[in-house]
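Here are my notes on this one, as numbered points. Have the sequence and the model open while you read.

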Amino acid sequence: MLRATLKSLLARKVRLVLSGLAVVLGVMFVSGAFVLTDTLGRSFDTVFSDAYAGTDVGVSAKPKIDVGEMEGMEVAGTFPASALEQVRGVSGVASATGLAAADGARVIGSNGKVLTSVGAPQFGSNWTGESGQVELREGRGPTADNEVAVNGAVAKAAKLAVGDRVGILTLQPKREFTVVGIFGYGGDRDSLGGAQEVTFTERAAQELMLGQPGVFSELSVKAADGVDPAKLRDDIAGTLGDGYVVKTGEQLSEDASAGLKEGLAFFNNILLGFAGVALFVGIFLILNTFSIIVAQRTRELALLRAIGAGRRQVIGSVLVEAVAIGLVASVLGLGAGIGVGALLAYVFGQTAGGLQLAGLGVPPAAVISSFAVGLVVTVIAAVLPAMRAARIPPVAAMQDVATPDRPLTKISVAGAVVSAIGGTLMAFGLSGTGGNTLLTILGGVLLCFIGVALLTPLISRPVVGLLGRLFSWSVPGKLGRLNSGRNPRRTAITAAALMVGIALVTGVTVILDSAKSSITALAEDTIQAELVISGAQTGPRPPSFDPAVLDQAAEVPGVAMVAGLYGDRAVVGGKQGWITATSSVPALREIYRATPTAGSIDSLGPNQLLVDSKTAKDRGLSVGDTVPVQLSRGDAQNYTLTGIYAESELFGGFVIPASAAANFAVPQPTQAYLKLAPGASVDQVMPRVETLLADSPEVSVADRADFIEQQAGQLDGLLTMIQILLALAIVIAVLGIVNTLALSVLERTRELGLLRAIGLRRGQTMRMITVEAVVISVFGALLGVAVGAGLGAAVVRALREDGITNLVLPWSEMGLFLGLAAVVGVVAAVLPAIRAARLNVLGAIAHE
Amino acid sequence: MAARANDVWKVYGSGEAQVAALRGVNAEFERARFTAIMGPSGSGKSTLMHCLAGLDSVTRGTIHIGDTAVTGLGDAGLTKLRRDKVGFIFQQFNLLPTLTALENILLPLSIAGRKPDKEWLDTVIDTVGLRDRLGHRPAQLSGGQQQRVACARALASRPDVIFADEPTGNLDSRAGAEVLGFLRRSVAEYQQTIVMVTHDPVAASYAGRVIFLADGQIVSELIEPTPETVLDTMKKLDGLAEAGL
Ligand SMILES: Nc1ncnc2c1ncn2[C@@H]1O[C@H](COP(=O)(O)OP(=O)(O)O)[C@@H](O)[C@H]1O
Ligand SMILES: [Mg+2]
């Protein structure tokens, strides 16, 4: 039995390769994700163990606010220089160095812009000499407060040489320094993990990076010979007491690496998302292939039954085939995944400014998951066809193959039920009452897809008929249309595979376009400023500018009011959240057209704060209450609530005066709104504001319309990314169409022979196949667009409370998808059509 | 002359496995005549018909349909020849399952982009007696009805020659007789030329002339055959063959 199965498997390798390809792609992304994270993870391990090479024990202070990985910047706690002396006094300490280091030393390059860094930090610290891995290449360390030494990465990116002047943004606005030294790291590296590093004198580093003289953020301790770091760590911790975090160098490097690896999980999720979509669509493909194979093998299987094979053996023979395909696809997918992982790791290493990659690693998890996913998906997809095969009666061996079309009632009822469950689940998830909302929604969407796929055969009859009429002006077109309507199930599954990808793209487009339109409308309604100063944020640190600009801008003739905004995370009344500081409450009030609901929102004194009405209600706050506020730096302080403003979609949360922003992670304004005096012209004011921003290269000034467009445009990048991701699903669906057509051509060999015998030209034959493909793919796209628009509209409807009030259906994109589907059909038809046209007429007529 | 074969050889395979299916066949098929090709299984009947119809290439010799030299035509030329000058009736699987009877009948004309001659079409449909079945699909028709639709399709475009390979091979004798009678009428009444391959003496007797093939050569010929004369000739040929052994 097994041998018979394997033989017939080999005989049909082409179509199995086609259907297996989807699984290969899915497995490729799964294993690629594992390989990438493993390789990058080990590379980071190396980077940090190098970075902490000279540290046996490290001391730091607890941060004032614990900020999550994806939420924003965390500001390290600081401690006084006296701690350094205390540590030096601990026995077993050979030496201890105080570090005043923080991310956020932004060097201005030769083009006047801040050097970019993709994810890697921009460290500023005090020069501590050639310790650990650090090696001076040229010049010396800084000895005066206006001198810096920079690492090779900075020198290269900004084209700096010893003696050059360079502008650097820190906690302070731009300052000029002289480059006195350039350093690298062991192994002639320019950078550790792509980080840009600038070193100042100790005093300058404390002021510029920590915002306070006489404090450190870290101590690096070297143990005396023969002293155990772990013991030394405990001794130091005991000496310093509470408030300090003391770890061995090894722990520090592990922790730092673990933090970055958490960030890598993001990449992993993208790749696994890819894999999920690929595999989901792949299931349709394999299901279809096996169904067709079982149909074609009806006689063979019936013969097996007639000569005594049991139902189980028949099911087994189909499943063995599935396992074989799954195995082959897993192996190929694993191989491709290793390649993809290596490639992505390389690209990542390059963009991260030359991260030195550790050797390529294939973790056991990659191998195990590849085989698990590949096998499970293939076998699941083959189960239904296998059960159908088992139902073939032995007499079928003696009868003509023509299996009657089974009625679609059962499958349609199942489809309706599954869709209904999916829809309910989605509604439940969207209403936000369920526990794990995102999972509920995704589950609902998945079920909707399966439900619609089950309903597709029913829908295909009328819709494919209608669609086909578009192409019926020629005889080949008509034949193609009839062929596409011939086997509703097959057409349906093929189209459904395409439906999934297009529905996802359409749905996401509907949601993002609606969000964009809603935000734009809202902003146009609300924001009462003619000019806005802001910049595009690329990392956790928001772009900021010199606070002096605020006062200078207010002096520009024609400017009536300026509201500078500072933002940070803070713990207010025991709860962490976003907080805003403003340079002018009246201006802010004017610009957002805020109205008071209690107290006054006309001004803010020191230690006074405002809040929106919704937060006030949620937190049970009323005017006059005292609220403790802990900012990123400094100690917690009590604030008095002096006013409550009506909540709006665009602006909300706690507001404190700009004087308090000195203790923000970024103590500089990140945005400013300028309201012009009546009669003043934007064209005249704008260039003058521009000149004010000469030393603040991270931001620029835009008029209101441009600003709103910029804000809304931030969604465009996301949209493009998602569209690219989902293009993959569509590629797989194309494979499905090719597969179905190739099988159809094979099945209809005699028919094609007959047509050719009575005079159908080669070109006409090709056109016939092409029309069939186009009808199927346009049908799939039509379904996808409809389902996607439906899903998208449902989500938009559910987000109405969150301010997405406009439903925008992207007609032109939807039209584009339909057009693309037609192209896809043409492309998919090429090979099968050529095959059909090349058919030997005589051989085809005699074909059994 | 509707079709002509001059010294046609057809050799399959090469070396040891070489089979000469036709060895120097010379045959002429007059217009408005119903010719049957007979012979034992494997004698080369189908091969001859395929070569005549431009479905297969010859190893040596020439074939003409009307004035057109078939040998030497490329795929496009052969397709055009089949479309415009030749009609086919196969033993089975003659019709497209997706099309109705009428659509099947009109198929060659539609493919060629030609308008059917309404009057002729009516005549053909009435002759085959399928007027009430025109909207049915092949699966809804009996085997005999399907073959009659195939005949009507072959006739509809008024080709120079209709080639039929065992058109009644899959039918019972009554349905077969209907089809054969219809073929004979189309020759007698509408001057259609038909070449039919068969191994059934009764079927052959419907033709006006029978040529006999054995081992790839024409060995005998009968004019105005009856089942008895055909059977006699076959027996005689069998006897010769046995004596030859
Ligand atoms: N494609 C082919 N390849 C090799 N030999 C063939 C092929 N077709 C026919 N033959 C051989 O040619 C001879 C004539 O076949 P055919 O014309 O089909 O005979 P008939 O139709 O009279 O039964 C037979 O011996 C047959 O085996
Ligand atoms: Mg034959």
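1. Let's start with the record. UniProt, in an unreviewed entry, lists residues 18-237 and 491-691 of chain A as "domain: MacB-like periplasmic core". UniProt positions are given here in the numbering used for this model, feature names are shortened, and annotations may be inferred rather than shown by experiment. Over residues 491-691 the chain is 34% helix and 29% strand, with the end C-alpha atoms 64 Å apart. Helices (H or I, at least four residues) and strands (E, at least two) are DSSP runs, numbered from the N terminus.

2. Some ground rules. This is a predicted model, where local features need pLDDT of at least 70 and side-chain atom pairs count only at pLDDT 80 or more, while totals for chains, interfaces and linings use all residues. Residues are numbered from 1 along each chain as its sequence is written, chains are lettered from A and ligands numbered from 1 in the order in which they are written, and side-chain values use heavy atoms, with hydrogens and water left out.

3. The same unreviewed UniProt entry type gives "domain: ABC3 transporter permease C-terminal" for residues 274-394 and 724-840 of chain A. Residues 724-840 come out as 84% helix and 0% strand, and their end C-alpha atoms are 41 Å apart.

4. Now the domain split, whose bounds come from an automatic or database domain assignment. Chain A divides into domain 1 (1-55 + 250-404), domain 2 (56-249), domain 3 (459-528 + 703-848) and domain 4 (536-698). Domain 1 puts 21 residues and domain 3 puts 22 residues into their mutual contact, contact meaning heavy atoms within 4.5 Å.

5. What holds the numbers for that domain 1 and domain 3 interface? About 2,000 Å² is buried there, 81% of it from carbon and sulfur atoms; buried area is the accessible area (1.4 Å probe) that two parts lose on being put together, summed over both. The rule finds zero salt bridges across this interface, a salt bridge being a side-chain nitrogen of Lys or Arg within 4 Å of a carboxyl oxygen of Asp or Glu. Residue pairs in polar contact (both at pLDDT 80 or more) also number zero there. A polar contact is a pair of N or O atoms within 3.5 Å; within protein, one must be able to donate a hydrogen and the other to accept it, and residues adjacent in sequence count only if both atoms are side-chain atoms.

6. On the domain 1 side of that interface, α2 (13-51) and α7 (249-296) of chain A are the elements that give two or more residues. The largest share, 14 residues, comes from α7(A). By class, this side has 15 nonpolar, five polar and one charged. Ala, Val, Leu, Ile, Met, Phe, Trp, Tyr, Cys and Pro count as nonpolar, Asp, Glu, Lys and Arg as charged, and the others, Gly among them, as polar.

7. Next, the chain A and chain B interface. Here 21 residues of chain A are in contact with 23 residues of chain B, and about 2,100 Å² is buried, with carbon and sulfur atoms giving 68%. A:L754, A:I758 and A:L842 supply 30% of the area that chain A buries against chain B, more than any other three residues.

8. How many salt bridges does the rule find across the interface of chain A and chain B? It finds three. B:D75 and A:R762 meet through their side chains in a salt bridge (3.4 Å, N to O). Seven residue pairs across this interface are in polar contact (both at pLDDT 80 or more). On the chain A side, two or more residues come from each of α13 (475-484), α20 (749-757), α21 (762-798) and α23 (841-846), with α20(A) giving the largest share, six residues. That side has 11 nonpolar, three polar and seven charged residues.

9. Over all chains, the structure holds 39 salt bridges. A:E698 forms a salt bridge with A:R106, with the closest N and O atoms 2.5 Å apart. A:E698 lies in the loop between α18 (682-692) and β24 (700-703) of chain A and A:R106 in strand β5 (residues 106-107), so the pair ties together parts that are 592 residues apart in sequence.

10. Two local spots to click on. A:R233 lies in helix α6 (residues 229-240) of chain A, and a polar contact of 3.0 Å joins its side chain to that of A:Q251. Not counting residues up to four places away in sequence, A:R233 touches A:V57, A:V246, A:K247, A:T248 and A:Q251. The other spot is A:T597, in strand β18 (residues 596-599) of chain A. A:T597 and A:G643 are 46 residues apart in sequence and 7.8 Å apart in space, C-alpha to C-alpha.
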